[in-house]
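Hi there,

Here is the structure I promised to pass on to you. Have a look at it first, and then read on.

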Amino acid sequence: KPKPGNDPFSEKQSVAVIAANHPHVIDVEMALPGLTAPRIDLVALEGDTSAIKIVFYEAKLFSNSALRAKEFPPKVVEQLGKYETWLASSGREDEVTKAYRNACGLLTRLWKMQGVPVDRLVELASRPDSPLTVDRKPRLIIFGPHTIGNWLHHEERLEKAGIAGTRLIIKEHPKDVSIPGDMQV
């Protein structure tokens with residue numbers, strides 16, 4: 001049920017809305033083995049003309065205090081940094097691509113058995129010869145009413161930490177979030 005107060009959705013409910021609207025989302029709440037309880041909120045595929053990238057997203061409500069800090073950097077920057085370090089560790093890209101290639105194969109087979117249209121990127125990523133890579137720079141999705149304090153000041157701090165451009169999506173409602181997908185691989 002919706003969270004009381006200014007946020008119509010919890011972060012988990014919002015992640016579910018985003019995943020439901022993007023068939024190229026291939027995982028939610030991805031656990032990072034070897035680390036104590038951290039989970040990356042969304043894992044999606046993004047294609048370009050030469051590869052299919054596995055892209056990781058952390059999702060936060062505007063009201064989440066991890067986005068704001070009196071001292072630099074905000075806690076979310078540290079969180080994304082831990083994910084980035086984990087993704088860059090030795091052998092990790094092979095491990096992640098192998099696991100998600102397998103997951104995409106399972107999703108493709110399940111969707112076909114159910115008569116559900118199969119997302120093109122998911123099907124391509126499942127192939128043994130697909131150009132599957134890992135984007136080691138996790139991205140941040142922020143949603144909800146952003147009237148909390150001086151938001152522009154906090155957004156500038158995120159940008160100063162390198163969380164900007166394609167790494168930052170800000171929308172008031174999770175249904176308005178658009179994460180890139182098939183760009184014709």
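Below is a short tour of what turned up, going from the whole chain down to single residues. Please keep in mind that this is a predicted model.

**The whole chain**

The protein chain contains five helices and six strands. Starting from the N terminus, their order is α-β-β-β-α-α-α-β-β-α-β. Of the 185 residues in the chain, 43% are buried. The chain exposes about 9,700 Å², and carbon and sulfur atoms supply 54% of that area. If you take the contacts between residues at least 6 apart in sequence, 67% of them join residues at least 24 apart.

**The cores**

Which residues have the most contacts inside the largest nonpolar core? They are Leu45, Ile54, Phe56, Tyr100, Leu140, Ile142 and Leu158, in a core of 34 residues. Helix H2 (residues 75-88) gives the largest share of this core, with six residues. There is also a second, separate core, which has 14 residues, among them Ile18, Tyr57, Val177 and Ile179.

Leu140 is a good residue to click on. Setting aside neighbours within four places in sequence, its contacts include Val76, Leu80, Leu158, Ile163 and Leu168. Some residues with charged names are on the list too, including Glu58, Lys60 and Arg167.

**Helix H3**

Helix H3 covers residues 92-114 and lets you try a simple check. At 1.5 Å a residue, its 23 residues should span 33 Å, and the C-alpha atoms at its ends are indeed 33 Å apart, so the two values agree.

The buried residues of H3 are Arg92, Val96, Thr97, Tyr100, Arg101, Cys104, Gly105, Thr108 and Trp111. Try reading those numbers with the helix repeat in mind. An α-helix has 3.6 residues a turn, so residues three or four places apart point the same way. What covers the buried residues of H3? The cover includes strands E1 (25-31), E2 (39-47) and E3 (52-61), along with H2, helix H4 (120-125) and strand E4 (132-134). Just after H3 comes Gly115, with a positive phi of about 75°.

Glu93 also lies in H3. With a relative accessible area of 23%, Glu93 is partly exposed. Leaving out residues up to four places away in sequence, Glu93 touches Leu87, Thr133, Val134 and Arg136. Its C-alpha atom is 9.8 Å from that of Ile54, although the two residues are 39 apart along the chain.

**Helix H5**

Now turn to helix H5, residues 151-160, where Trp151, His154, Glu155, Arg157 and Leu158 are buried. Looking down the helix axis, these buried residues fall within an arc of 155°, so they line one face of H5. The face turned away from them carries the exposed residues Leu152, Glu156 and Lys160. On the buried side, H5 packs against H2, strand E5 (139-143) and strand E6 (168-171). Just after H5, Gly162 has a positive phi of about 90°.

**Two residues to zoom in on**

Is His22 buried or exposed? His22 counts as buried because its relative accessibility is 7%, under the 20% cut-off. You will find His22 in the loop between helix H1 (11-20) and E1. A polar atom of its side chain lies 2.7 Å from the backbone oxygen of Ile18. The His22 side chain also reaches the backbone oxygen of Val177, at 3.4 Å. Beyond residues up to four places away in sequence, His22 touches Val177, Ser178 and Ile179.

Arg139 sits in strand E5. Arg139 is buried, with a relative accessible area of 4%. Its side chain makes a polar contact of 3.2 Å with the side chain of Tyr57, a residue included in the second core. Apart from neighbours within four places in sequence, the contacts of Arg139 include Glu46, Lys53, Val55, Phe56, Glu58, Leu80, Thr166 and Pro180. The C-alpha atoms of Arg139 and Leu42 are 9.6 Å apart, while 97 residues separate the two along the chain.

Enjoy exploring, and write back with any questions.

Best wishes

Conventions:
Residues are numbered from 1 along each chain as its sequence is written. This is a predicted model: local features need pLDDT of at least 70, side-chain atom pairs count only at pLDDT 80 or more; totals for chains, interfaces and linings use all residues. Side-chain values use heavy atoms; hydrogens and water are left out. A nonpolar core is a set of buried Ala, Val, Leu, Ile, Met, Phe, Trp, Tyr and Cys residues joined through side-chain atoms within 4.5 Å. Buried means under 20% relative accessible area, exposed over 50%, partly exposed in between (1.4 Å probe, protein chains only). Helices (H or I, at least four residues) and strands (E, at least two) are DSSP runs, numbered from the N terminus. Contact means heavy atoms within 4.5 Å. The expected span of a helix is 1.5 Å times one less than its number of residues. The arc is that of the directions from the helix axis to the C-beta atoms. Accessible areas come from the Shrake-Rupley method with a 1.4 Å probe; for residues, only the protein chains shown count as cover. A polar contact is a pair of N or O atoms within 3.5 Å; within protein, one must be able to donate a hydrogen and the other to accept it, and residues adjacent in sequence count only if both atoms are side-chain atoms.
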